[in-house]
Amino acid sequence: MFNLVLFGPPGSGKGTQSANILQTYGLKHISTGDLLRSEVANQTLLGLEAKKFIDQGLLVPDEVVIGMISSMLDECPDARGFIFDGFPRTVEQATALDNLLDFKQTPIQLVLSLEVPQEELTRRIIARGITSGRTDDTEEVVAKRIGEYKSKTAPVADYYKAQGKLKVITGDLNIEQTFTALKKIIDQHILPVA
Ligand code: AMP
């Protein structure tokens, strides 16, 4: 099994690049943002609770997202591996993920961090908001989301750096150039299926 974390601030292109990676390497995509939005759309109890945080640009409590990840891992025992997108977002989530994967004896092998200048992030998310219909893609909420990223999520990069797993992709790259840079690193770990 090959487990990969795609790391970066809101608007850094994690969703877009996940789609490219999962197609090329046959991995299973786990996006906590997508899972939470689906709970909200289905008006489940979890979704109604999570919506309060999402709409304010705040992180949903750790125990909620860790529970969702645990269920997803159990549902896909035969996966070739997982891409974690938008998770872990706190050091507590990263520790919980390591514990869950230790139990399955399939650790995180690689963490790819997408670094994009802040003005570009805000520009992209506001542009996306026009078509995405996402309630949290507004200028005011985006500022909150970036604040949460800086205070709670950025330390996760150090957590993985200390484990020797972090690789940073930086520069003013378009979608294709970013994927080429990511592929070059992933190819050192796993063969493409397509
Ligand atoms: P995303 O689609 O990854 O940008 O996530 C959208 C929103 O969902 C975030 O602003 C958070 O409110 C919530 N969310 C997604 N993933 C997580 C996570 N791993 N931990 C806490 N909250 C999350």
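The ligand is surrounded by 16 residues (each with a heavy atom within 4 Å of it). Thr32, Arg37, Leu58, Val60 and Gln93 are the closest. This is a predicted model: local features need pLDDT of at least 70, side-chain atom pairs count only at pLDDT 80 or more, and totals for chains, interfaces and linings use all residues. Residues are numbered from 1 along each chain as its sequence is written, and side-chain values use heavy atoms, with hydrogens and water left out.

**Shell around the ligand**
- Helix H2 (residues 32-41) gives the largest share of the shell, four residues. Helices (H or I, at least four residues) and strands (E, at least two) are DSSP runs, numbered from the N terminus.
- The shell holds seven nonpolar, four polar and five charged residues. Here Ala, Val, Leu, Ile, Met, Phe, Trp, Tyr, Cys and Pro count as nonpolar, Asp, Glu, Lys and Arg as charged, and the others, Gly among them, as polar.

**Atom pairs with the ligand**
- A ligand nitrogen lies 2.9 Å from a side-chain N or O atom of Gln93.
- A ligand oxygen lies 3.4 Å from a side-chain N or O atom of Arg134.
- For Arg145, the distance from a side-chain N or O atom to a ligand oxygen is 3.3 Å.
- Taken alone, the ligand exposes 470 Å², and the protein buries 95% of that (Shrake-Rupley method, 1.4 Å probe).

**Cys76**
- Cys76 sits in the loop between helix H4 (62-75) and strand S3 (81-85).
- Cys76 counts as buried because its relative accessibility is 13% (buried means under 20% relative accessible area, 1.4 Å probe, protein chains only).
- Leaving out residues up to four places away in sequence, Cys76 touches Met1, Lys28 and Phe82 (heavy atoms within 4.5 Å).
- Cys76 and Lys28 are 48 residues apart along the chain, and 8.4 Å separates their C-alpha atoms.

Key:
A polar contact is a pair of N or O atoms within 3.5 Å; within protein, one must be able to donate a hydrogen and the other to accept it, and residues adjacent in sequence count only if both atoms are side-chain atoms. Buried means under 20% relative accessible area, exposed over 50%, partly exposed in between (1.4 Å probe, protein chains only).
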